Amino acid sequence: MAEQVMALMLAYYKNIPFLDHFMKNRMDEHHLEYTGSELEGKTMGIIGLGAIGKKVAAFCSAFDMNVLAYARNTEAPSDGIVKMTDFDTLLSTSDIVSVHVPLTEQTKHLMNQEVFKKMKDTAIFINTARGGIVNERDLLDALKNGDISGACLDVYESEPLPIDSELRTLDNVILTPHTAGMPDGRKFHQKRYDFFIKNIKRVQYGEEPESRLNQLI
């Protein structure tokens, strides 16, 4: 999941989809015009600092990015990579906003028109968590109105994403079909199996299970 976030960011800022299309369609390289950007120095805003959020933070630090995070548990991590902040500050100062929270009654449509308007108009939004966290209509409006610069999405309110979804028509959006959590199917399922067994044993011996949802946000 965390690697997918980095892949999407790099694809967006390095214009990989456009350049791949350009090359495969044998277009004249002398007429190539595009803009790119570096991750170094950009500010990543992470909403939800659970296991995935922390991994994203570590990856971003390796790219010399600044990392902000908002979580219900506001205790700052001891690794010094992440700076905890409030929700509005994260939105207004981040160049990239990535959500890593479960879908609950509290997080449904967390990302809505009001939230997108608080973001930089140069910022991008990334969602590899759950589609219902985002009000998709509000996201479409923000993308078309220039409230934000772009989006990278792996999950959607309705899945599979409808063929006639307007998201499929926007040049400032990168889409993947809810595949971020499965880079290696067999390896992924073995890790998930081991995780469940470990947690069962922790509960059996009176210990706290890892990654309880009410501790992630």
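User: Why is Thr107 called buried?

Analyst: Thr107 has a relative accessible area of 4%, and buried means under 20% (exposed means over 50%, partly exposed in between, with a 1.4 Å probe and protein chains only), so the term applies to Thr107. This is a predicted model, in which local features need pLDDT of at least 70 and side-chain atom pairs count only at pLDDT 80 or more, while totals for chains, interfaces and linings use all residues. Residues are numbered from 1 along each chain as its sequence is written, and side-chain values use heavy atoms, with hydrogens and water left out.

User: What makes the approach of the Thr107 side chain to the backbone oxygen of Pro102 a polar contact?

Analyst: The separation is 2.7 Å, and a polar contact is a pair of N or O atoms within 3.5 Å (within protein, one must be able to donate a hydrogen and the other to accept it, and residues adjacent in sequence count only if both atoms are side-chain atoms). Thr107 itself lies in the loop between β4 (96-99) and α5 (113-118), where helices (H or I, at least four residues) and strands (E, at least two) are DSSP runs numbered from the N terminus.

User: How do you know that His100 counts as buried, and what does His100 touch?

Analyst: His100, which lies in the loop between β4 and α5, has 10% relative accessibility and therefore counts as buried. Its side chain is joined to that of Ser98 by a polar contact of 2.7 Å. Leaving out residues up to four places away in sequence, His100 touches a set of residues that includes Val5, Ile46, Ile52, Gly53, Val56 and Thr128, where contact means heavy atoms within 4.5 Å.

User: What makes one side of α3 its buried side?

Analyst: Gly53, Val56, Ala57 and Cys60 are buried in α3, and they cover an arc of only 105° around the axis, which puts them on the same side of the helix; the arc is taken from the directions from the helix axis to the C-beta atoms. Ala51, Lys54 and Ala62 are exposed, on the face turned away from that buried side. The cover over the buried residues of α3 includes α1 (2-13), β1 (43-47) and β2 (66-70). For Ala57, the relative accessible area is 1%, and beyond its neighbours within four places in sequence Ala57 is in contact with Ile46, Val67, Ile81 and Val82.

User: How do you know that the span of α3 is close to the expected one?

Analyst: Helix α3 (residues 51-62) has twelve residues and reaches 17 Å from its first C-alpha to its last, against an expected 16 Å; the expected span is 1.5 Å times one less than the number of residues.

User: Why are β3 and β7 called the edges of the sheet?

Analyst: The seven strands form an open sheet in the order β3-β2-β1-β4-β5-β6-β7, with parallel pairing. β3 (83-84) and β7 (173-175) each have a single partner strand, so one side of each lacks a neighbour in the sheet. Two strands pair if DSSP finds at least two bridges between them, and two bridges join the parallel strands β2 and β3. Ala69 has Met84 in β3 as its bridge partner. Helix α3 packs on the sheet, touching β1 and β2, and its direction makes about 175° with that of β1; such angles run from 0 to 180 degrees between N-to-C directions, with axes fitted to C-alpha atoms, for helices over the stretch in contact.
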